[in-house]
Protein chains: 2
Amino acid sequence: MLYAHPNPNQSKINRHMALAGNALDHVQVRDLYESYPDFHVDAAAEQKSLKEAQVVVFQFPIYWFNAPSIIREWQDTVLSRGFAFGPGGTALQGKRFMLAVTTGGGKPSYAEGQPHGAPIEDYLRTFEQTARFCGMNLLEPFIVQGVGSMTAKDVDDTLEAYKTRLSMIARETS
Amino acid sequence: MLYAHPNPNQSKINRHMALAGNALDHVQVRDLYESYPDFHVDAAAEQKSLKEAQVVVFQFPIYWFNAPSIIREWQDTVLSRGFAFGPGGTALQGKRFMLAVTTGGGKPSYAEGQPHGAPIEDYLRTFEQTARFCGMNLLEPFIVQGVGSMTAKDVDDTLEAYKTRLSMIARETS
């Protein structure tokens, strides 16, 4: 699982989702902002980890309808021709891919004519198409919206749902 | 104009588009990768420049259906609450916004069932919605596709069209 949060100390749920995932036996969380404070993503180490994974999860908070910058840097550095696509680029083929994202704004705001303009799914296409281009099979994204107004119980329930989802995927995959 | 190319030496047209823009009187090009090799975007300097601009152009090559990482970093750093949105965040309201993007693959490949999955416009929504959220008025994007198979004449014609487009926008704006 690739986790990227540029401001983890301000995180209400995303950081806890990463911790919850990390506590599961079959999940390995790679914290990109922690690993690469200088922004120099280690392509070889990331590719080695990807090869060993059966499921690849991108987990991040949505900022400006998109992923944090280090996710983009990771894609450009790690998903190289000959590894992820092009001649001989078959390392990711057949693996499963899931997005796990959070938004501060609630779902009603993500609609035409509303402040966020369109359903969140519309803004996730760049990442889904990247996975597809690399031959991965898409899983339904895990989407949490309205984080800004969540109660402590909402957070707990969501963390439980996330753990259940990750465990289910692990069972289906093994 | 904010220009971002992570590999300018491999650029067939995007870098020349930035040079062509820079040669125009009314255009100021800010080369983000050149200005911020350490990735620490100077929010104050960028905000000052934005305030002076009437038109904001993001120019970049599309990688993985998205913008280069420094464009994302720029958005998160520069478009702060109280500047670009939220209470008092009116600095960009009424300015005009244009995307100028290039893709290696041709337009026919950007369709459902084809390798790039959907029209390029679908992948630009995150940037358009960002501009809209900040109160900017969207201009038609300048899109160049099929750069991989362009002849020298194609490149020249496209550069001319780009200069014409930028000059027209300047005339309309002044």
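These notebook entries record what I looked up in a predicted model of two chains, A and B.

**Relation of the chains**

I began with the superposition and found that chain A falls on chain B after a rotation of 180°, with 0.0 Å of shift along the axis and an RMSD of 0.0 Å. I noted this as the relation of a two-fold axis. I then asked which residue of chain A comes closest to the rotation axis, and the entry I wrote down is Ser69(A), whose C-alpha lies at 2.3 Å.

**Contact between A and B**

I looked up the contact next, and it takes 25 residues from chain A and 24 residues from chain B. On the side of chain A that touches chain B, the elements that give two or more residues are α4 (69-78), α5 (120-123) and α6 (125-133). I sorted the residues of that side by kind and recorded 12 nonpolar, seven polar and six charged. I also checked whether the copies meet through the same surface, and I concluded that they do, because 96% of the interface residues of chain A are also interface residues in chain B.

**Helix α6 of chain A**

I stayed with α6(A), since it is among the elements that give two or more residues to the contact, and asked which of its residues are buried. They are Thr126(A), Phe127(A), Gln129(A), Thr130(A) and Ala131(A). I followed their packing and found β3 (55-61), α4, β4 (96-103) and β5 (137-138) of chain A, together with α5 (120-123) of chain B, so that the list of partners holds elements of both chains. After α6(A) I came to Gly135(A), where phi is positive, near 80°.

**Positive phi in chain B**

I then turned to residues other than glycine with a positive phi, and I kept two entries from chain B.

Phe39(B) has a phi near 75°, and I located this residue in the loop between α2 (32-35) and α3 (43-52) of chain B. Is Phe39(B) buried or partly exposed? I counted 17 C-beta neighbours inside 10 Å, and because burial needs 20 or more, Phe39(B) goes down as partly exposed.

Trp64(B) is not a glycine either, and its phi is positive at about 45°; I placed Trp64(B) in the loop between β3 (55-61) and α4 (69-78) of chain B. Here the count is 19 other C-beta atoms within 10 Å, so I entered Trp64(B) as partly exposed as well.

Conventions
Residues are numbered from 1 along each chain as its sequence is written. Chains are lettered from A and ligands numbered from 1 in the order in which they are written. This is a predicted model: local features need pLDDT of at least 70, side-chain atom pairs count only at pLDDT 80 or more; totals for chains, interfaces and linings use all residues. Copies are superposed by least squares on the C-alpha atoms of residues with pLDDT of at least 70 in both. Two residues are in contact if their C-beta atoms, placed from the backbone, lie within 7 Å. Helices (H or I, at least four residues) and strands (E, at least two) are DSSP runs, numbered from the N terminus. Ala, Val, Leu, Ile, Met, Phe, Trp, Tyr, Cys and Pro count as nonpolar, Asp, Glu, Lys and Arg as charged, and the others, Gly among them, as polar. A residue is buried if 20 or more other C-beta atoms lie within 10 Å of its own, exposed if 12 or fewer, and partly exposed in between; C-beta atoms are placed from the backbone.
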